[in-house]
Every structure is written in structure tokens, then in C-alpha cells.
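Here's a short set of exercises to work through with the model open beside you. Try each task before reading its solution.

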Amino acid sequence: MDVRVQEAAFDPGAELNRFSAAQQNAGAVVSFSGIVRDRPEGGLLHMEIEHYPGMTQSAIAGMVETAVARWSLADALVIHRHGALKRGEVIMMVATAARHRADAFAAAEFLMDYLKSRAPFWKKEVGADGAAWVAARDEDEAALGRW
């Protein structure tokens, strides 16, 4: 299990290759990479992501431990960035390894849903027209209901 909260950019392909190569007892590896997208109205210059380091790392590790136990994962990886990120930059990655694909997919979705709505990050969108904190979205909260 590997959980990283970092400012530095990372290569999701290289991370996935490293993660996959380490899986000796898994029949499936699932990964997801999140990318900073523009606002619906356009004009995003960058997104600022803030966090409280000890709390964030611990909260994400707890989510991963829950997923590992619930779906009998062989391994899991979560990387989430903080700081100022431009449109198109990779913001996060989840990878799960399990004996069977259904468990790997379910665990990855669970982790993505919890990262999106419960991980202690504060996001601010910055554009030429100013900056605004990103509010929780109803659909993200609703996605938690299936878990």
C-alpha cells in the first residue's frame, strides 16, 4: 500500500508500470488518473489545492486500508498532488490490484469517490476574473451512497 500526497508532478504511466510489475499474486490491475479540467465557463488559469499534511495523509491511508480489506486487494496506490496546478496537469492517480477484475474496479471506484468528496483537500479555481473556492457537488456526494 502506497499513499503519497505531494506537490511534484508525476508520470502516471511510469507509476502504473512500476505498480503493475510488483503484482505477483494479482490477476487484475485497475488505474485512474484525474486531470485538472477547465471550468464550464472556461478561463481557468490554475487550481490551487491546499491540505493539512498529517491529516490528509492519515485520512487517505484510512480509506485505502478500508478498500484493501473490503475487496481483498493485493495492493493499492494513491497519489494526490497539492499546490498550484494548471489545466491538463495530472492531479491524482489511483491504482488497485486484486485477484479478480471486479474487486479491482470496485475498489478503485470506491477510492475515487471518497477522494473526490471526503479527502481533506481545499480547492480554489483561479481565473483572470478572480478566484473561487470549489464547493462540494451534489453528484459527488450522491456517489458515496452506493458504498
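A pocket here is an open set of points on a 1 Å grid over the protein atoms alone, with protein on both sides within 12 Å along at least five of seven lines. Keep in mind that this is a predicted model.

**Exercise 1: the largest pocket**

Task: work out how much space lies in the largest pocket, and which elements supply its lining.

Solution:
- Start with the volume: the largest pocket holds about 890 Å³ of space.
- Next, go to its centre. The lining has 32 residues, and the closest to the centre are R37, K116, K123, V134 and D140.
- Now sort the lining by element. At least two residues each come from β2 (28–35), β6, α3, β7 (121–127) and α4.
- Who gives the most? That's α3, with five residues.
- Finish with chemistry: 17 of the lining residues are nonpolar, three are polar and 12 are charged.

**Exercise 2: the aromatic pairs**

Task: find how many aromatic pairs the whole structure has, then describe the one formed by W71 and W147.

Solution:
- The search of the whole structure turns up four aromatic pairs.
- Take W71 and W147: their rings sit 5.6 Å apart, centre to centre, with 85° between the planes, and the pair is edge-to-face. The cut-off you need is that planes over 60 degrees apart count as edge-to-face.
- Then place the two residues along the chain. W71 is in the loop between α2 (53–70) and β4 (75–81), while W147 is in the segment after α4, so this pair links distant parts of the chain, 76 residues apart.
- Check accessibility too. W71 is buried because its relative accessible area is 9%, whereas W147, at 23%, is partly exposed.
- Move on to F110 and Y114. Their ring centres are 4.7 Å apart and the planes make 45°, so this pair is tilted.
- Both F110 and Y114 belong to helix α3 (residues 101–117), four residues apart, which is about one turn of the helix.
- F110 has 5% relative accessibility, so F110 is buried; Y114 has 22%, so Y114 is partly exposed.
- Last step: put the residues together. W71, F110, Y114 and W147 form one aromatic cluster.

**Exercise 3: the segment after α4**

Task: decide whether R146 is buried, exposed or partly exposed, and list what R146 is in contact with beyond its neighbours within four places in sequence.

Solution:
- R146 lies in the segment after α4 (138–143).
- With a relative accessible area of 48%, R146 is partly exposed. The cut-off for exposed is over 50%, so R146 doesn't get that label.
- Leaving out those sequence neighbours, R146 is in contact with E109 and D113.
- Look at the side chains now: R146 makes a polar contact of 3.3 Å with E109 and another, of 2.9 Å, with D113.
- For the backbone view, R146 and D113 are 33 residues apart in sequence, with 9.9 Å between their C-alpha atoms.
- Add G145, which is found in the segment after α4 as well. Its relative accessible area is 68%, so G145 is exposed.
- As for spacing, the C-alpha atoms of G145 and A69 are 19 Å apart, for a separation of 76 residues along the chain.

**Exercise 4: two polar residues in strands**

Task: for T96, then for Q6, find the backbone oxygen that the side chain reaches.

Solution:
- T96 lies in strand β6 (residues 90–98). Its relative accessibility is 0%, so T96 counts as buried.
- A polar atom of the T96 side chain lies 2.7 Å from the backbone oxygen of A104.
- Beyond four places in sequence, T96 contacts a list of residues including F19, V29, L73, D75, A104 and L111.
- Switch to Q6, in strand β1 (residues 2–6). At 18% relative accessibility Q6 counts as buried, because the cut-off is under 20%.
- The backbone oxygen that Q6 reaches with its side chain is that of A8, at 3.0 Å.
- Further along the sequence, not counting residues up to four places away, Q6 touches I79, H80, R81 and H82.

How values were computed:
Residues numbered from 1 in each chain as written. Predicted model: local features only at pLDDT ≥ 70, side-chain atom pairs only at ≥ 80, totals over all residues. Heavy atoms only, no water. Buried < 20%, exposed > 50% of the residue type's maximum accessible area, 1.4 Å probe, protein only. Polar contact = N/O pair within 3.5 Å; in protein donor to acceptor, adjacent residues only side chain to side chain. Contact = heavy atoms within 4.5 Å. Phe/Tyr/Trp six-rings, centres within 6.5 Å; stacked < 30°, edge-to-face > 60°. 1 Å grid on protein atoms, 1.4 Å probe; cavity = no way out; pocket = protein on both sides within 12 Å on 5 of 7 lines; lining within 4 Å. Points joined across faces, edges and corners; volume = space filled by probe spheres on them. Nonpolar A, V, L, I, M, F, W, Y, C, P; charged D, E, K, R; others polar.
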